[in-house]
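User: Hi! I have a model open on my screen and would like to talk it through with you. Could you take a look?
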Amino acid sequence: MPGPGRSCPVAYRHRPEELAGPPAFACTTLYVVGGLYGNAHALEAVVARAAAEPSPPEIVFNGDFHYLDTDPGLFAAVEAGVHAHRATRGNVEYALTADDDTVGCGCDYPDYVADTVVAGSNLVVEQLRTVPDDRARARLAALPHQLTANVGGHRVGIVHGDPESLAGWRLALEAVDPPDERARAVTGFTGPATTSETVVDWCRRAGVSVLCCTHTGLPYAQDHTADGVRYLVVNNGCAGLPNFSGMRCGILTRLSVDPHPPDDGLYGITLDGLRVDAVPARYGHDRWHADFLRCWPPGSAAHANYAARIEEGTWLTVDHATRGTVTAGPGVS
Ligand SMILES: [Fe+2]
């Protein structure tokens with residue numbers, strides 16, 4: 001049933017061909033950081049990791065960098081940190097800038113996500129809407145919804161949800177074929193599934209070999225081959241929340257012409273000379289937990305939706321995220 005949090009505004013709709021133009025920039029190493037969720041410590045961890053690279057990477061925060069940061073100081077820290085780099089909009093940033101207050105959190109949650117989760121998410125964004133000033137709103141409104149980057153000659157499409165919608169769910173772990181049965185059972189996924197043919201068609205129309213996304217919460221990487229050409233989808237899950245069982249760290253996607261898997265890489269692949277890895281954003285649980293509780297104490301909407309994940313992670317293991325011919329990295333102990 002459409003309604004706040006489940007609606008898909010016309011402004012969300014995209015075509016993969018919109019990624020097919022000239023790249024927005026070129027680089028040799030790129031970080032794609034989705035779903036920071038207002039975790040300023042994860043942002044600091046990403047920037048610190050970037051500073052330790054042999055050559056400075058470009059960083060793209062691909063949406064939902066705000067969300068749980070209803071404390072004005074926290075919001076300002078995230079806003080300043082993100083805009084020191086490149087950014088694209090997520091549904092949260094859309095909801096903060098749209099005149100349409102029926103959009104709710106803007107997540108376009110599918111039917112299989114519980115009404116209680118959707119209602120909580122709407123309440124979070126309703127509170128967050130009171131935080132940004134006009135300048136911040138204007139900055140967020142000016143962000144692109146997606147972009148294409150050139151990483152060492154490889155075209156990389158960066159979206160928030162999927163190439164057809166800002167808040168699309170078709171690249172969710174539970175949605176993609178072949179099925180991850182545990183993901184489908186835990187989420188209650190109801191189809192249609194996203195086939196390899198669809199992913200390849202998107203990549204061809206976008207003129208990219210890699211699609212980076214976030215939005216749907218659970219990370220994975222999966223390669224596809226068609227007519228001898230290889231393609232890759234990397235969903236980074238959340239940079240600002242734990243993603244795996246027993247691991248209190250966010251995840252970001254690192255793409256580089258450097259062929260060596262990073263020491264902290266959790267899983268990755270070399271795709272025609274481009275190295276792509278999921279690496280941790282080690283933000284320090286206690287600091288983030290304290291920020292979270294200050295903004296969202298027990299009984300609040302976000303506490304109900306996120307406290308358990310922040311404390312305990314998810315059910316997901318790295319094995320679930322390592323799909324196709326992607327392999328576990330040296331960072332898996
Ligand atoms: Fe999102």
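User: Let's start with strand β10. Is it buried or exposed?
Analyst: Buried. This is a predicted model, and in it seven of the seven residues of β10 (residues 250-256) are buried, so the strand is largely enclosed by the rest of the structure.

User: Which residues sit on which side of it?
Analyst: G250, L252, R254 and S256 are on one side, while I251, T253 and L255 are on the other. Both faces are covered, as those residues are all buried. As a general point, side chains in a regular strand alternate between the two faces of the sheet.

User: Nice. Which strands are joined to β10 by bridges?
Analyst: Strand β2 (residues 29-33) is joined to β10 by four bridges, and the two run antiparallel. In that pair, Y31 stands opposite R254. Strand β12 (residues 274-281) is also antiparallel to β10, with seven bridges between them. There, G250 of β10 stands opposite A281.

User: What's the strand order in that sheet?
Analyst: The order is β4-β3-β2-β10-β12-β11-β13, an open sheet of seven strands with mixed pairing. The edges are β4 (86-88) and β13 (327-328); each has a single partner strand, so one side of each is left without a neighbour in the sheet.

User: How do β11 and β12 go together?
Analyst: They run antiparallel, with five bridges joining β11 (residues 267-271) to β12. T270 has R275 of β12 as its bridge partner. In the loop between those two strands you'll find D272, whose phi is near 50°, a positive value in a residue other than glycine.

User: Is D272 buried or exposed?
Analyst: Exposed: D272 has 10 other C-beta atoms within 10 Å, and the cut-off for exposed is 12 or fewer.

User: Any other residue like that, with a positive phi but not a glycine?
Analyst: H215 is one, with phi near 80°. H215 is in the loop between β7 (210-213) and β8. With 29 C-beta neighbours inside 10 Å, H215 counts as buried. For context, most residues other than glycine have a negative phi, and most peptide bonds are trans.

User: Speaking of peptide bonds, where are the cis ones?
Analyst: One joins D177 and P178, with omega about -5°. P178 lies in the loop between β6 (154-158) and α6 (181-187). Another runs from G191 to P192, with omega near 5°, and P192 is in the loop between α6 and α7 (196-206).

User: Changing topic: which residues of helix α9 are buried?
Analyst: A302, Y306 and I310 are the buried residues of α9 (residues 301-312). Seen down the helix axis they fall within an arc of 50°, so they line one face. Generally, an α-helix has 3.6 residues a turn, so residues three or four places apart point the same way.

User: And what's on the face turned away from them?
Analyst: That face carries the exposed residues A308, E311 and E312. Just after the helix, G313 takes a positive phi of about 80°.

User: What covers the buried residues of α9?
Analyst: The cover includes α4 (115-128) and α8 (285-295). The axes of α4 and α9 are 8 Å apart and the helices pack at an angle of about 115°, with α4 passing α9 in a left-handed crossing. The contact is made by V117, G120, S121, L123 and V124 of α4 with A301, A302, A304 and N305 of α9.

User: Is there another sheet, and what is its strand order?
Analyst: There is an open sheet of six strands, β1-β5-β6-β7-β9-β8, with mixed pairing. Its edge strands are β1 (25-27) and β8, each pairing on one side only. The twist averages 25° from one strand to the next. Seven bridges join β8 to β9 (residues 229-235), and they run antiparallel; T225 stands opposite R230 of β9 in that pair.

User: Last one: what does the protein chain look like overall?
Analyst: The protein chain has 10 helices and 13 strands. Of its 333 residues, 53% count as buried. The radius of gyration is 18 Å, which agrees with the value near 20 Å for a compact globule of 333 residues. The C-alpha atoms fill a box of roughly 50 × 45 × 40 Å along the principal axes.

Note on methods: Residues are numbered from 1 along each chain as its sequence is written. This is a predicted model: local features need pLDDT of at least 70, side-chain atom pairs count only at pLDDT 80 or more; totals for chains, interfaces and linings use all residues. A residue is buried if 20 or more other C-beta atoms lie within 10 Å of its own, exposed if 12 or fewer, and partly exposed in between; C-beta atoms are placed from the backbone. Two strands pair if DSSP finds at least two bridges between them. The arc is that of the directions from the helix axis to the C-beta atoms. Two residues are in contact if their C-beta atoms, placed from the backbone, lie within 7 Å. The radius of gyration is taken over C-alpha atoms; the globule rule is 2.2 Å times the number of residues to the power 0.38. Axes are lines fitted to C-alpha atoms, for helices over the stretch in contact, and angles run from 0 to 180 degrees between N-to-C directions. A crossing is left-handed if the near helix is turned anticlockwise from the far one by less than a right angle, and right-handed if clockwise.
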